Structures are given as structure tokens and as C-alpha cells.
Amino acid sequence: MTFLLTKQQKYLGLGFGLLCVIVVACLFTDLEYFQIVLLIMVSMGFCGAFSSFLLHMLPKKRPVEVVQIDEDSSSDNNTDNLRKKPWIGCLTSSCPSITSRTTTAGTGDCDGKKNSGGVEANNSASDTVVKPSLTNMGLEDANMQDIDEDLHSRQLAVYGRETMRRVFASNVLISGMQGLGAEIAKNLILAGVKSVTLHDEGLVELWDLSSNFIFSENDIGKNRALASAQKLQELNNAVLVSTLSTKLTKEQLSNFQAVVFTNINLETAIEFDKYCHNHQPSIAFIKTEVRGLFGNIFCDFGPEFTVTDVDGEEPHTGIIASISNDNPALVTCVDDERLEFQDGDLVIFSEIHGMTELNDGKPRKVKSCRPYSFFLEEDTTNFGTYVKGGIVTQVKQPKVLNFKPLKEALKTPGEFLLSDFSKFDRPPLLHLAFQALDKFTCELGRFPVAGSEDDAQKLISIATTMNESLGDGKLEDLNPKLLRDFAYGARAVLNPMAAMFGGIVGQEVVKACSGKFHPLLQFFYFDSIESLPTEPLDPNDYKPLNTRYDAQISVFGAKFQKKLESTRSFVVGSGALGCEFLKNLALMGVSCGTHAKLTVTDDDVIEKSNLSRQFLFRDWNIGQAKSTVAASAAALINPRLQIEALQNRVGPETETVFDDTFWENLNVVINALDNVNARLYVDQRCLYFQKPLLESGTLGAKCNTQMVIPHLTENYGASRDPPEKQAPMCTVHSFPHNIDHCLTWARSEFEGLLEKTPSEVNAYLSNPGEYTTAMRNAGDAQARDNLERVLECLDRERCETFQDCITWARLKFEDYFSNRMKQLIYTFPEDAVTSTGAPFWSAPKRFPRPLEFSVSDPTHLHFVLAGSILRAETFGILIPDWAKNPTTLAEAVDRVIVPDFQPKQGVKIETDENATSLSSASIDDAAVIDELIKNLEQRRKTLPYGYVMKPIQFEKDDDTNYHMDFIAGLANMRARNYSIPEVDKLRAKFIAGRIIPAIATSTAMATGLVCLELFKVIDGGHKVEDYRNTFANLALPLFSMAEPVPPKVIKHQELSWTVWDRWTIKGNPTLQELIKWLADKGLDAYSISCGSCLLYNSMFPRHKDRMDKKVVDLARDVAKMEIPPYRRHLDLMVACEDEEENDIDIPMVSVYFR
């Protein structure tokens, strides 16, 4: 491999060599002349070697400010060459040969001759290029590269390794580097494609700063592609980022697997698409554009495109209970989980006893599918009789799609992908409108001017003429008002629209490159016209003000822009969603006014796995506070952003930070959280202070948004998803039947052995008296178990040497995977029956088989290695160098004496699925606890002074710490016990680490959608029917938008209220006055609470003595509430009845005492 040195590195090496000569000459002044000359020659050779050393040691950045050059037509058609491998240009400082070539601006014709170095000439000084080989760039074929699982773990959870390898081998062209192109490029570079080539012939304008997060005012006047390259390269140094700044020819497209055009006229698009469609193999062609609040996407992946996985979901499975000998055969499954099969699905069978003919692996079709049964299109009359067991698994079939070229699809678009069913007739109209706009721009050479009625009428006239020529396909209503709004904003690329479409298009490119997920077939149109201000705008309000917001002003007007800038906003979380939100808000100008403020808070720090989605962070930020880094990065996008970064978790414990004044001053809250409990807390705060809350979340390729608007919509907590189904404890601990059960058990054992038990030991050693007293007072089975584990850890299983740790790990293997299985079989033999006479070992239970340890089995030995290293860590024992040598480790393991197993009589193994604890209480618990404490005290006296253990907290994202090695070993050995398919460490990490699948594309789409709703919130005049909640699945693709659900209205007599209402009573009332105040509303208050304390209940006679006391005094005296000096009121929960003694849910009552 050839390494290229920069001039600075060469000069530094030469300087070092000459310095050596001078030093030696000074030390040895009697050297002869020829000896000095010889010394110089040797030093010159050394300087070259030292320079090579510097290449590896000095910091270096991938060259990016480049121009990609098209090959000549002969090489384009030579499919035997490295087809679709782009020429990657690089900086002159790291390239061996540089010349230039001549091009005709705007034509892309290449007339210059190639020189001997294979590089053409260009008169433009800024377009200096080379054609180095990928080897010289220090890169190998992507198929040969290992996937960085630490970096891409969340993405791997969505795509899998094979899809990722295909993505890593893909070259993509993005033409048009305004806001939409930048968003698409960001998402693809984060995804890790092999190369991204940026194309744009235009120059950066102030106008572009409304939507492009890459550009700054310093970039104005530079070529857009060249100005974008360096910042995009920083997102992922494993991706080659190159540029093209001259006109494209269709032959250049052969270098890519997918090409995306964001700013191209229809005539050229049809020409390029035809070339891509007919190319062998086909090149995925995507045309997309954002025009104000309108956007569209067109996809053509060729005449035959194979989708290997249409939805990305895991194949559905079921555990068989019975199979009939019929035609067709009826298959029933256990009611552990509902079947998800659909009629026509193909399935395979395995592990069936009796009817073994079905175990041949042949896919079979199912029909008449029900929740726990289906019919098999197979005659099983002459098959063996079903006995027991069996797994049925869905077989996912590839799907071949036939795309039409753009020219044909424009005339016969077929069905449009709908996003909003309230706009059922909108896609055909937008299909016509975008064609009319193309004709307008071709005829006039410009976009319609915002606010120009003449231009709007010109566009409407073109659309009308085109519509008249459609014959039977003619539209009945052209909706002139919609077309006028379309014309006004046609030149603008708005950031929220760019973010949304950037996510969708980025995902379509991944589909094109990998075959994973179902592509968009073929047109998608979208508008968010409801985001416009409710008040009509004066035409002068659209005029540009020579600011970075001019594009947005051309759609919303200057007055509305001022509203955005004066907003006081709160972003909760600065992870993947938070980074996108901060970028969007900065570009939109939200909280960028002098008296505005954007507060962002996050108590987390940056980890390596964040870098594949959280694009404001770089590898040098790892370990730093997320909110601080994100805020700094957002301020670089827009220096006017008034942002403050905090590192506080939002919750009851930080209400002194986020106090009443803080919440009262806010205009809007945007959640960017990753857990339900935090969302519910923020929801309650927004409900209490009546602040709009914009909620969103992602899960792999899925995303959702929810608008929580005071008095218009229900709040976030009004509806809950059903809780995830948890496997019964007895299933996890004794009767697992899938790998999830094994991994749940393994994670529990890891935490018990390496975190909880060492923590219990430390709790005991730090204060023995207090600890033992607490255990005696508890006196239950749990206290007994805690003491037993502590004593065992300090006595029989205490480790002092690494050999002790090996012994511990080896005996754990014997205990877990041999002895416990033997005891289980002894207690429940294979022929055991239940109290009803049914076989005990019937589905879903799987009969276990003990394992026999062997040092020749690498998985056995690796389990011992991981276990012994972690055990040593808890005891502070150094790990010797020989520990990771398999031969030496095997010898150490062989020295361990393993006692023979002796089954125990009367052992109780929990079989009750409703049991919540495996510890059984005993009447002798108190006596046992006393004996354990006595033994512990004796053992403690033998320990050295200051003895402590080191608990290990599980960390899934460090592949060098052996945490996942131990958990995967535990799970897979257990799976082997029960004949359950094993998993690799990565899959184990997903399940045991509870990793939430995440990709940049769905995150970008969700935040774009939320920010379109933010326009409505800031305007403040929209009705509930103007807002949209969204669920989207980019894998299918599916977009479902609907109006938010209004809040539930409660009525009583002439009163009505919702969850958003809060009743207030002022004047520092007494309890009697409060009760009378409610009675005047026809409500009988029978219970009044403040926090968790009961202030009054009509059933308690002594509470009548409190009637004359002030409510605030009762809160201080009874509830022991400490009221801070800034607090002016108390919040009470009051239970009331009406005259007919029916309970009435009334709003919270706020009692003001100051």
C-alpha cells in the first residue's frame, strides 16, 4: 500500500535529519569532510523513513475539497472494468500528480485530452483534481471491511449485517446542494455509504441559509458543492465525499448505484432517467424537490427491482400444539402469543415429533389464518401422527417490482402514495402543479416571485391549459387558491420540508442500494399548506429583507418571522431527535431574537454509538456533555441563536431549576426524549402551565409525532400504549423456549453476580450494624437471600488470585448448565405429568439436556475467560497476560476440581406463571438470618482493613469489557441446554442491552414534521383540524396523518371543563371557605388532598376541627410542606359528588395565598 506524504511531513522529516547532522558534527568536531557528507546522505535516508512514520503518527483529515471527473464514453460502456467505481478527487497536498483540464461552463463537455497520468486539464483554478486509486486512499473494498459495531449498533439493529455491507459498497450522486440536497447527503453519509458525490453548478446565496445547515455567510459566492464537502466529510470519515461543479452528462451516471436530483428540469430528468432505467444493471433514479410547503418524490429503480425484505420485520413464529391428519391439515399453536400469519404466507416447520415429514424445510402455504391456528395447504392424511413439539416459522419471500420510466409515469402515474386521507384529491392536483411550474421556469428562466399575483395567474393559466389537454384524466377543480400559494413559495426551500423529505429520500436510496424495505412506487406528493399563518398577508410582507431568513419570509412573511425569532422555547433532550431539532430551529430563526431564549437540557454524555445519528457530534466530543456540544454546534449554524445549555434531568428533583417562572415564560416545549416516564412528566408540566408540547419518537424505520395543544387536543398521557408483555418468571428461570428468555435470564444473572451482590457486600462492610439490623427487621426470604449471597461472596466464593476466578467461572458453568439441568430433570422427568394427567413437558416447555464442559469447545472456554476476568475485576485482582492464551487458560481450567452432582430431595422449582418471586418464605427465616449474621461477623473479622469490592455496571457499548461476552455466553449455553437456536454477540447485545433500533432517516423525517406543526403553534390562530399527528413507517413506506384527538369534555350543570382547565380561588381561603366555594357550584367536596397528604375527609370527625384554618396553614402543619418564598399558590386534588352522589372529576384547584 502506498502512503502519500504532505509537504509539511516531508519537510519535518528532512529538518529532523539535518538537525541530527548538526548535533553530531558539534559533538565530534574532528570528523573529516567526507565523513560529514556520508552522514548527511544517511540522514537523508532516515528523514524519509521518519516522514513515513509521521504519516501514521500525525493527525490527518481525509481530503475533501475535490471535483469528480467523468470517464470517457468508452470506459463508461466497459462493464468489465471497475463499473460504478467513481474517480475520487483529493487535495493537491496529498496527491502525486496534478494537472488541469478545460471545460465549457454549463455544458459539461470534456474536450481535454488525458495526460499520461490519467488526469485531464481544467482552466478553473478551484477545480484541481486527480484520480488516485482506492488503495492509495487507504481504503479497501467495502465488502472486505469490518462493520464498526460500536458506531453502527443502532443502525445494525434496523438493517442487519448483509444490508449494511451492501450500503457500505454503494456509490451515490446527489445533484443540487440547497437545503434538501444537504439533508439527503447528511443522512446517507451517516448511514455509511461507500461514497457520496455532491454536484451543483450554482453559487451559495444568502437565500440558501434558510434551509442549508452547512453554509455560513462566509460561503456566499462559493460553489455549493465545494462549500459543502468538508463539513459533510466530518460526519463520517469512512465515506468518500467528492464534488462536481460542472454540468453533468448522462454517461457520468454509470459510476453510481443511485442518483438523486433535487433541482432539475423535467426535460433533463427524463433524459437522465431513461439512461438509468435502460442501463445494465439499472441505476436507481430519484427526482425530488421541495417548493415552499409543497414537495414531491419520484423513484425509478429499473424495469425489474428485487426487494429482499419488504418490511424489515423479524419472521413470525409459533409453537405448535397439534397438527391434524387431514387435507388440508389444521395446525393449532399454543396461546402463548398470537400468530401474525396472513393467508398466502409461506412457512416451514422444525422440531416436530411424530409427523416428521414436515421437518423437511420445504416452504408450505397457509390459509384461513386465525389468532392461534391456520390451515396448511398440504395433505397430511398419510403422514405420521403428530406427537409433540414443533416450531412454525414464516418464510419471507422476495418481491420483484416493475418501475416505469419518468416519461411514461408522468402520463400514467398510477396510484399515488397518500399521506393524508383528508386530502384524497390532492396528489393528482400537485402532479399537475409541479409540471406547470417546470413549464413556467423553462419559459421565463426563473421561479414565480413571492406575492406576485401576475406570476401566480401565469402559473394557474399554464396548469389550466395542461389540464384541458388531459382528456378523460382532466381534473374537475384546479383549486386556484392552492395554486396561488404554491406559486408564491415556489422558489423557497424550507428547512422543515427539507428535513422531512431528506429523511424519506435518504431511506429510498438505502432501499435502492440494498434491496431492504419496499421502495416508494413511484410518486409521492405532500403539502403542509395548513402551516401558513391564518391571517392573510400583504404582498409587501413577502419581500426579501436581505437576511438569512428571506426564503422563509417569502412563504410566511416578515411579521411571522419576527414571531419565530421572539419565541422562548425549551428542547428537552439533545440526542438524535434533539440534534435535528436544534438544527431546524436555528435555520428557522426560532429564538434568535434579542429577548428570546432557547433552553436545551440533557444529563447524558456523548458516546461513540451516538455518532451514526446525532450529527452535531464528532468523535473528539466523546465523553463531553451532549447539551453543551449540541448548543455550540447549533450556534455555529446560526450565530444569532439565543441558546442556553443545561445538564439537568427534567423531573421532580430539578423543580428548583425548572421552576414556575421558567415554565410560565415559555412559548413552546419540544420533547426529544427516549423514555415514556420523562415524557409523562413533561406532559404534566405542560398541562399544568398550559404550554403547547410537540412530541415525537422513532423506532427503527418508524416514527410518530403528536401535537399537544392547550384546550385543543388531548394531552400525551391521556392515552397509553399497552405495556409490553413480560415472560413469566418461572419461564425465564426454568422453562425458556426462545432466545429472548435466555438473554433476559443472562442479563439478570450478570447484574446479580457482578453488580448487586458486590454492592450488598459493600453496604454490609461500610456499616455492618445498620445493615444487619435492617435484615433482621425485614426478616423475610429476600433478606435471607441477600445475607446468603454476601456470606458466599466473602467466604466460599471469595477470590484472591486469578486462578480462584477461573475456578469460580468453571464451577458456575457446571452449576448453571449441568447441575441445575440435572436437578430439573430429576424433579420433573421427561415422562412427568401434571395434576390433570397431561404431559408436563408439553409445548411451550422444552425438555432440557445438561452440558458437559470441554476445554476443546471454544464457547465453553470463552465463557470461563469472560467470567473469570469480570470476577477478577470485582475483587480488584490483576489479570495476567497468559489469561487470554487459549492453551494456558485451558491448562488452568483443567486444574479445577469439579465436585460430582448429587440430586437434592424436595427441591421446589416454581411452575406458577403468576409467581413474582423465586424466593420461598419459611417459618425458620428469622433463625436462619440470625445464624447468617453470626457467620458474617466472624468472616468480616478475617478481612483486611478497608476491604471493598468493585461492583460492575453493565455497559453494552464497549466490546472490550467482556460484559456482552459473558452475557452472550450465559444465554447461548442455556439455549444449548434447551435446544434453542443460539445468537451471535451482536444480536445478544440488541436484546440484552435493550437497544432501541434507530436510523438517521426516520429521525430527520419526524423532526421535519414537528417543525411544520411548530409554524402553526407560533402563529397561534389555528384550529384543531389544522394540526396533524403522524405515524410513518419508511420501510413500507406508509404515511398516516390525522387530526389530533380533542380533549374529553366533562359537564356538570352549566359548567364544562377539560383536563386543560384549572380552577383558582384567591384570597387565602380557609378550609370552610373552600368547601363552600365548591358547594356554590353544586359540588359536595368529601376529600381534599395536597400532594400525597390528606387534608380533609368528611368521614373523619376530627377533620371538622380544621374548618377554620387557612388551607396554606393546613398544608404546612399537616402535610409538612415547605413552601418556597416564590410560590404563591397550592394545588389541591378534590374529590366531589353531585346532588345524586355521583362522583364528578373536577379540575385541579389552585388556592392562592399571596
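In this predicted model, the N-terminal end of helix α7 is capped by N223, with a side-chain oxygen sitting 2.9 Å from the backbone nitrogen of A225. The helix itself covers residues 224-233, and 8 of its 10 residues are buried, so α7 ends up largely enclosed by the rest of the structure. The buried set runs through R224, A225, L226, A227, S228 and A229, then picks up again at L232 and Q233. As for what does the covering, the elements over these buried residues include helix α6 (179-191) along with strands β2 (195-199) and β3 (240-244).

Further along the chain, α21 (residues 739-766) packs on α24 at an angle of about 140°, with 14 Å between the two axes. Since angles over 145 degrees would be needed to count as roughly antiparallel, the α21 and α24 pair is classed as oblique. Their crossing is right-handed. On the α21 side the contact is made by W745, E749 and L753, which meet W808, K812, Y816 and F817 of α24. Sorted by class, that contact comes out at 5 nonpolar and 2 charged residues, with no polar ones.

Helix α24 (residues 802-827) is also home to E814. With a relative accessible area of 13%, E814 falls under the 20% cut-off and so counts as buried. Its side chain has a polar partner in R810, the two side chains being joined by a contact of 2.9 Å. Setting aside neighbours within four places in sequence, E814 touches N819, F853 and V898.

Definitions and conventions: Residues numbered from 1 in each chain as written. Predicted model: local features only at pLDDT ≥ 70, side-chain atom pairs only at ≥ 80, totals over all residues. Heavy atoms only, no water. Helix = DSSP H or I, 4+ residues; strand = E, 2+ residues; numbered from the N terminus. Buried < 20%, exposed > 50% of the residue type's maximum accessible area, 1.4 Å probe, protein only. Polar contact = N/O pair within 3.5 Å; in protein donor to acceptor, adjacent residues only side chain to side chain. Contact = heavy atoms within 4.5 Å. Axes fitted to C-alpha atoms, helices over the stretch in contact; angles between N-to-C directions. Parallel < 35°, antiparallel > 145°, perpendicular 65-115°, else oblique. Left-handed = near helix turned anticlockwise from the far one by under 90°. Nonpolar A, V, L, I, M, F, W, Y, C, P; charged D, E, K, R; others polar.
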